[in-house]
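Please walk me through this structure. I would like to follow it from the inside to the surface.

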Amino acid sequence: MLTVTLKLVTIVAERVLQERLLRELKELGARGYTLTEVSGEGSRGVRASEWEGHNVKIETIVSPEVADRIIEHIAEHYFQYYAVIVYAQPVEVVRGDKYV
Amino acid sequence: MLTVTLKLVTIVAERVLQERLLRELKELGARGYTLTEVSGEGSRGVRASEWEGHNVKIETIVSPEVADRIIEHIAEHYFQYYAVIVYAQPVEVVRGDKYV
Amino acid sequence: MLTVTLKLVTIVAERVLQERLLRELKELGARGYTLTEVSGEGSRGVRASEWEGHNVKIETIVSPEVADRIIEHIAEHYFQYYAVIVYAQPVEVVRGDKYV
Amino acid sequence: MLEILLTNLLSPIVLAFALGIIAQLIRSDLSFPEPLYQALSIYLLLAIGLKGGAELSHTPWAVVIWPALVTLALGMLTPITSYVVLRKIGRMDRINAAAIAAHYGSVSAVTFIAAQAFGQLQGNPAEGFMPALVAMLEVPAIVVALMIAFTRSNHHGSWREGLHEVLAGRSVVLLVGGLVIGYLSGMEGLKQVEPFFVNGFKGALTLFLLEMGLVAARRLRDLKKVGAFLVGFGIVMPILHGSLAVVLGHWAGLSVGGSAVLGAMVASASYIAAPAAVRISLPEANPTFYLTASLGITFPFNLTLGIPLYFALAQWIGG
Amino acid sequence: MLEILLTNLLSPIVLAFALGIIAQLIRSDLSFPEPLYQALSIYLLLAIGLKGGAELSHTPWAVVIWPALVTLALGMLTPITSYVVLRKIGRMDRINAAAIAAHYGSVSAVTFIAAQAFGQLQGNPAEGFMPALVAMLEVPAIVVALMIAFTRSNHHGSWREGLHEVLAGRSVVLLVGGLVIGYLSGMEGLKQVEPFFVNGFKGALTLFLLEMGLVAARRLRDLKKVGAFLVGFGIVMPILHGSLAVVLGHWAGLSVGGSAVLGAMVASASYIAAPAAVRISLPEANPTFYLTASLGITFPFNLTLGIPLYFALAQWIGG
Amino acid sequence: MLEILLTNLLSPIVLAFALGIIAQLIRSDLSFPEPLYQALSIYLLLAIGLKGGAELSHTPWAVVIWPALVTLALGMLTPITSYVVLRKIGRMDRINAAAIAAHYGSVSAVTFIAAQAFGQLQGNPAEGFMPALVAMLEVPAIVVALMIAFTRSNHHGSWREGLHEVLAGRSVVLLVGGLVIGYLSGMEGLKQVEPFFVNGFKGALTLFLLEMGLVAARRLRDLKKVGAFLVGFGIVMPILHGSLAVVLGHWAGLSVGGSAVLGAMVASASYIAAPAAVRISLPEANPTFYLTASLGITFPFNLTLGIPLYFALAQWIGG
Ligand SMILES: Nc1ncnc2c1ncn2[C@@H]1O[C@H](COP(=O)(O)O)[C@@H](O)[C@H]1O
Ligand SMILES: Nc1ncnc2c1ncn2[C@@H]1O[C@H](COP(=O)(O)O)[C@@H](O)[C@H]1O
Ligand SMILES: Nc1ncnc2c1ncn2[C@@H]1O[C@H](COP(=O)(O)O)[C@@H](O)[C@H]1O
Ligand code: NA
Ligand code: NA
Ligand code: NA
């Protein structure tokens with residue numbers, strides 16, 4: 001099976017940001033995403049996640065360039081005031097052209 | 001701690017395929033799985049996931065050979081008509097014999 | 001974007017262990033976690049997960065040392081009698097100091 | 001007629017459906033958690049089964065037999081007429097035509113419930129055993145349509161899994177199971193669970209239709225993709241099938257309310273049992289076609305205009 | 001007796017349980033979303049607490065005191081008899097014997113509810129304060145059984161966490177909390193929430209038993225694994241414990257319905273509070289044993305045959 | 001007065017709230033699955049809308065106009081008074097002051113419901129159209145407070161997204177949508193859904209308040225973080241705003257019950273609409289401040305002491 005290596009970018013964010021983040025991911029070049037309802041705790045304490053439901057985890061498989069763009073965008077626009085984390089991992093996929 | 005490196009194969013698929021996929025994973029040699037209810041959007045649009053609930057994410061830790069077999073099987077039987085993606089990553093586990 | 005590589009440790013465990021595991025993760029040095037409600041099947045059969053809800057998946061980004069400590073702790077205290085698995089992967093994060 | 005229409009349009013259930021559509025259009029963050037949607041479905045299906053079964057337990061078979069045979073016949077006829085129209089007039093390929101035919105031959109439980117509620121309000125209640133007819137109407141059409149697809153072309157899906165999906169599917173199990181429970185425990189048994197399953201019913205239905213509005217509105221975006229023919233099909237076919245059913249229902253001895261509700265049932269298109277079975281058996285069929293037609297066009301049409309129409313017709317024939 | 005039995009078997013709640021089992025056997029995709037299961041549990045436990053507490057608020061203590069003492073005594077005796085039988089006759093190891101004993105000493109709230117509902121239907125209603133006895137029966141047996149396990153062998157679990165799990169566990173908090181709310185706000189307070197918590201109760205219970213059927217059927221697959229002894233134990237032990245409780249209940253001044261319901265309570269095996277506490281405290285115990293016995297054998301037995309039996313016995317003694 | 005207070009404190013809804021707090025304090029594993037919380041919110045908001053709208057449909061406009069204008073005026077005044085107090089006396093920064101002001105100007109639907117239920121129990125029912133006033137009170141304060149924040153400082157959030165969040169937010173859509181449905185379908189329509197939306201209401205509210213207690217108790221841990229000033233603010237400000245509203249309500253022609261309920265509404269602090277809008281528009285504001293104040297201090301205060309106080313005041317003025 002011919003596989004290519006792309007990036008899986010994962011964002012965990014407070015629920016209230018869901019729609020905005022999905023819109024921005026699309027603008028930054030993501031071709032799809034998978035969303036999970038999660039809860040969690042981090043450096044800001046549990047506080048931010050008690051109303052509006054809890055957190056969302058958004059996973060998107062993208063090219064390395066798009067991954068960089070997404071991480072930079074999140075870091076710049078969300079890290080200061082929102083409960084958000086983002087991380088990236090390499091993944092092997094088939095049909096690589098589907099994601100870029 | 002003695003760890004070994006195996007493959008974590010992740011499948012995201014429309015809900016209606018859940019039972020069939022779990023059965024086939026077992027036949028292909030997976031010894032366990034973890035299932036999460038998710039939603040998502042991809043190249044087929046959101047369409048496929050509105051009835052019968054949304055998508056499922058199935059994660060299974062397997063040997064590299066079984067991983068290849070699973071990916072090949074999914075690509076061959078599901079890519080054309082169903083909303084399904086599959087990807088693989090290396091993971092370190094303890095008790096490696098549990099998964100193979 | 002300046003990223004550092006840390007470890008993403010994932011634990012899948014029967015629901016009844018949730019509070020204890022979260023407490024112990026904190027004691028072992030984890031600074032945050034993300035929790036997902038999942039279900040699954042493994043070498044112990046589906047049995048353990050039918051009451052008290054199903055399983056939980058706990059993901060935590062930590063330094064490699066803390067990762068080792070967590071894996072060792074889980075292996076020692078839970079593997080024998082509980083339905084628990086644990087695995088680790090490297091991940092790239094920004095704001096690396098947030099997690100250690 | 002206008003008054004009938006207004007009574008329907010201003011009922012809480014139709015207005016709740018409209019609210020759902022509007023909420024979606026203004027991009028509200030209102031949404032039903034999936035478990036609530038499932039809980040309401042389970043409740044509604046079990047409730048209509050229970051009531052129907054309890055009614056059936058004290059209905060003589062002679063009264064039920066003709067309506068039942070008519071329903072079965074319609075369940076086998078309507079997928080065929082739908083298929084022929086889609087192929088000949090709509091020039092659709094075989095697979096998609098069969099997929100849509102499965103939906104229009106089967107039945108939408110919510111349309112049935114809405115029609116029944118409307119009849120009560122109108123003072124023209126349908127026979128109590130109608131839920132038994134819903135259960136009879138649900139399955140045959142799907143089987144017939146899949147048979148058409150499988151005899152006429154190569155396929156990628158599984159015929160047996162599709163059949164299991166529809167026969168052991170949630171909606172059939174709940175409806176038929178409810179019927180059997182209602183039948184065995186009788187009116188005495190029903191009385192025990194009446195406050196929950198009977199009195200609360202219309203309110204729960206209102207809530208459910210709010211969610212249906214949210215879901216249908218998402219479908220409306222696809223109207224352009226499906227083309228003018230399918231939009232017309234989604235309105236004209238129900239009128240034809242519904243009118244035929246009203247006439248046959250009257251002929252089989254059903255009351256005015258009963259014939260009208262049978263009309264609404266036959267006119268309605270499935271969006272629970274059929275999509276699941278079709279997705280499994282005919283994966284090549286495009287869900288955008290069958291879901292948009294049944295959920296985005298036919299369901300709103302029946303709910304707002306269709307049901308009053310079938311009642312007006314039934315009254316005209318039988319009143 | 002046969003008539004009593006039939007009344008029970010044809011009640012909606014028992015039939016719903018049967019439907020759940022059948023749905024699972026034909027591999028239907030019917031399943032309850034976990035939040036619905038939890039919502040129904042919360043509702044049922046709070047509702048029986050509220051009703052019991054409100055009744056308690058106008059019951060003289062003299063009436064309650066003897067039944068309460070008898071219940072407490074049975075809560076401490078039954079885990080011991082269970083343990084002894086499992087060890088001596090069943091030749092089970094200490095840990096598994098103690099784990100099962102904890103389940104059979106404690107109580108299944110749903111069995112209690114079903115027995116109470118059956119009594120009402122039969123015209124033999126139990127005393128209104130019975131839920132207070134359920135709360136009393138839930139905890140002691142688990143404590144006694146864990147004490148047996150912890151004094152007799154080395155262990156891997158935590159005794160304190162297990163105790164906290166049972167005392168601050170959902171089921172105890174809801175039941176006892178409901179009792180206190182009902183007691184403090186009295187019949188006046190209960191009237192305010194009656195349509196929701198009292199009238200809707202039996203319907204919600206029917207829905208819950210459908211889900212219980214689905215869960216129990218999954219357990220049935222393990223019947224072979226647990227062996228013939230445990231199957232017998234799961235039927236004979238309830239009959240013995242239940243009969244003893246009926247006699248003592250009668251002796252303590254309970255009505256026919258009250259003694260029979262006490263019998264059902266004592267005969268029942270816990271599958272909410274006990275499994276959680278045991279899993280935490282005695283992880284070495286095999287869940288297949290205690291869950292299959294309590295959920296796959298004893299619960300269905302009590303629901304179908306046990307409850308009518310305890311009523312027949314109570315009638316024979318006290319009627 | 002003491003008797004009024006006791007009636008309130010021993011009502012099932014206040015006791016359920018207390019049970020939630022206690023369950024959290026003893027670290028019980030009792031928790032509501034998120035979908036249940038959402039289902040109850042949807043139900044409660046839609047139900048009060050429906051009832052209010054149906055009442056409105058047969059109320060002459062002349063009766064409603066003055067209370068409506070008073071409500072609107074209070075909706076614009078109270079965020080300003082709150083802001084001024086927070087800035088001048090509390091020495092808070094602009095952003096946090098505006099954020100808190102948005103909450104205290106807006107309204108808590110549950111406080112409104114509890115006040116209304118208390119009025120009925122007391123024999124002092126409020127006017128049926130009060131839910132329309134809730135809808136009017138919800139939005140303006142948030143807009144005013146965001147305007148203050150945005151004209152007075154640089155900001156990081158989006159003004160337009162915040163506005164959309166509040167106008168198309170779930171709570172406004174359900175409340176206003178319910179009002180419109182109720183208004184259009186009238187008392188006739190309401191009767192159809194009465195068993196579900198009206199009779200079951202107080203029980204569902206009890207369940208909801210159990211969950212509110214769990215949530216509020218989590219907030220209590222943060223009391224130390226927010227400081228003494230905010231604790232005082234969360235008690236004194238409601239009393240001032242509530243008293244003013246009682247007086248103005250009386251003056252606008254509302255009954256004793258109506259004025260008291262208006263008092264409770266104005267005194268209450270939002271924790272659904274406002275937090276969402278503020279989080280989007282003023283992310284720099286610290287949620288610990290506004291959530292702890294509105295959910296940990298003002299809500300429990302109003303529920304236990306505030307509501308009886310506003311009723312006593314209304315009786316004193318208008319009785
Ligand atoms: N070290 C971590 N590992 C995994 N998830 C985390 C970690 N830190 C934070 N999170 C997740 O990210 C969310 C926001 O984190 P924070 O901004 O630190 O409050 C939390 O609610 C968690 O779901
Ligand atoms: N690029 C992507 N990243 C993450 N998940 C995706 C991506 N593309 C598709 N998916 C997931 O896979 C499902 C099926 O995708 P598709 O077949 O492209 O419609 C979607 O509903 C998503 O949940
Ligand atoms: N090979 C596997 N791949 C993914 N998840 C697994 C695997 N084996 C076990 N699990 C998960 O871990 C839980 C406990 O496994 P076990 O202890 O093997 O019963 C299961 O319920 C699954 O959710
Ligand atoms: Na049809
Ligand atoms: Na027992
Ligand atoms: Na206010």
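In this predicted model, the sodium ion (ligand 4) takes its protein donors from chain D. They are Tyr104(D), Ser106(D), Val266(D) and Ser268(D), each through its O atom. The donors lie 2.4 to 2.5 Å from the ion. Along the sequence, the donor residues of ligand 4 are spaced Y-x1-S-x159-V-x1-S.

How exposed are these donors? Val266(D) has 2% relative accessibility, so Val266(D) counts as buried, the cut-off being under 20%. Ser268(D) is at 1%, and therefore also counts as buried.

Now turn to chain F. The sodium ion (ligand 6) is coordinated by the O atoms of Tyr104(F), Ser106(F), Val266(F) and Ser268(F). The distances are 2.4 to 2.5 Å. The spacing of the donors along the chain reads Y-x1-S-x159-V-x1-S. Ser106(F) sits in the loop between α5 (94-105) and α6 (109-122) of chain F, and Ser268(F) sits in the loop between α12 (256-267) and α13 (273-281), so the pair ties together parts that are 162 residues apart in sequence. Ser106(F) and Ser268(F) are both buried.

The last stop is the surface of chain A. Glu65(A), Asp68(A), Glu72(A) and Glu76(A) form a negative surface patch there. Take Glu76(A), one of the four. Glu76(A) belongs to helix α2, which covers residues 64-78 of chain A. Is Glu76(A) buried or exposed? Its relative accessible area is 63%, and exposed means over 50%, so Glu76(A) is exposed.

Terms used
Residues are numbered from 1 along each chain as its sequence is written. Chains are lettered from A and ligands numbered from 1 in the order in which they are written. This is a predicted model: local features need pLDDT of at least 70, side-chain atom pairs count only at pLDDT 80 or more; totals for chains, interfaces and linings use all residues. Side-chain values use heavy atoms; hydrogens and water are left out. Donors are N, O and S atoms within 2.8 Å of the metal (3.2 Å for Na, K and Ca); water is not among the atoms, so sites may look incomplete. Buried means under 20% relative accessible area, exposed over 50%, partly exposed in between (1.4 Å probe, protein chains only). Patches are made of residues with over 30% relative accessible area and no salt bridge: like charges are joined within 9 Å, nonpolar side chains (Val, Leu, Ile, Met, Phe, Trp, Tyr) within 5 Å. Accessible areas come from the Shrake-Rupley method with a 1.4 Å probe; for residues, only the protein chains shown count as cover. A salt bridge is a side-chain nitrogen of Lys or Arg within 4 Å of a carboxyl oxygen of Asp or Glu. Lys and Arg count as positive and Asp and Glu as negative; His and the chain ends are not counted. The place of a charge is taken as NZ of Lys, CZ of Arg, CG of Asp or CD of Glu. Helices (H or I, at least four residues) and strands (E, at least two) are DSSP runs, numbered from the N terminus.
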